[in-house]
Amino acid sequence: MWLKLITWLTLLQLLAGALSQEFKIFGGKTESVRNYPFLVNLRQGSKFACGGALIAPSCVVTAAHCLGDRGENVNELYVNAQQDCLNGSIPDAYVRQAWYACVAPQYKPSEFDADLAVIKLRQPFYTSDIINTIAVDFNEPPEGASMRIVGWGMTSDVGQDLGQCLQSADVSVVPRDQCNRQMSFISPITNNMFCALGPNKIDSCSGDSGGPILYKGRPVGVVSWGNHCGSGLPGVYTRFSSSAMMWFLQNFIETHCLDKI
C-alpha cells in the first residue's frame, strides 16, 4: 500500500507532480471496504492517487508524498469513501473535496523521512455505520507484532488495474537494525519510520501509499516506501509513535479536526 520503489524513481516522479502512479498489496486477499468504514482513497480529479484514513469527519491522514508538489494547494484532490473497487460507482454523499493540507514540518522528500500529511475537507462526512472515523494509535507496536495493511495498490510490479478492488494482508514488525541493514542502500531508517513484512514476501505495493497500517484495528502508521513489491525486503511505514509525528498529528487534530457536524 505504498509508493514502493520501481525503483523509487517512481517517488521522484510523484514529487514532480506525477500523482497518477499507483501501488497495491502483494500477496493479499480481496476485502469488503465495509469492514473498514474509515478507509478512503484519494483522487486527482477522477484518477486514483493514494489511500488514506478518516481520523475525524473532516480530516484524512495520508502520506506527504501523496500530495506531490502541491503542498497546501490540494483543491483538485477528492476523497472517496466506501468504494470497494476503483472503477465502482459511488454516491455523491461519499465524495468530498480537499480544502487544504498540512505536511509534517520534518518531511524530507529526498530521504522519505516524516512522510506524513493531513488533509482538511471542505465539508465533513456524515458519520454512520457505513462511514466512520478511526482514532489514531500513538503507542509503539511491539517487535514482531502482527498488523494489517489495506489498500488498492498493485498486486505485483507488473501492470496496473484501474478497477482494482480493495486488498488486505497481515504483516509483522521487522526489527529496526535489520531493516536498516536491508534498506539503507535506498535511505536510512529514521526514528519516524518502522518496517514490516509478511510471510511469503507479503508486502504493500505501489498505490497503497498513504493507506493505514493497523495494529489491533487502529492505525499506527501509513504506507510510505519500499523496494519493489514482493521482493522479500521490508516495507517502510511512517511511525505515528515517534515524538515528531505524534506532536504534528496531535496538534493538527486539536487545531483543525474537532469541528462539529
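Trainee: Which element gives the most residues to the lining of the largest pocket?
Mentor: This is a predicted model, where local features need pLDDT of at least 70, side-chain atom pairs count only at pLDDT 80 or more, and totals for chains, interfaces and linings use all residues. Residues are numbered from 1 along each chain as its sequence is written, and side-chain values use heavy atoms, with hydrogens and water left out. A pocket is an open set of points on a 1 Å grid over the protein atoms alone, where a 1.4 Å probe fits, with protein on both sides within 12 Å along at least five of seven lines, and its lining residues have an atom within 4 Å of a point. With 3 residues, the top contributor to this lining is the strand (a DSSP run of E, at least two residues, numbered from the N terminus) called β11.

Trainee: How are the rings of F48 and W152 arranged?
Mentor: Rings of Phe, Tyr and Trp (its six-membered ring) pair if their centres lie within 6.5 Å, and planes under 30 degrees apart are stacked, over 60 edge-to-face and the rest tilted. Here the centres are 6.5 Å apart and the planes stand at 65 degrees, so the pair is edge-to-face.

Trainee: How many residues apart are F48 and W152?
Mentor: F48 belongs to strand β4, whereas W152 sits in the loop between β9 and β10. The pair thus links distant parts of the chain, at a separation of 104 residues.

Trainee: Is W225 buried or exposed?
Mentor: Buried means under 20% relative accessible area, exposed over 50%, and partly exposed in between, with a 1.4 Å probe and protein chains only. The relative accessible area of W225 is 1%, so W225 is buried.

How values were computed. Helix = DSSP H or I, 4+ residues; strand = E, 2+ residues; numbered from the N terminus.
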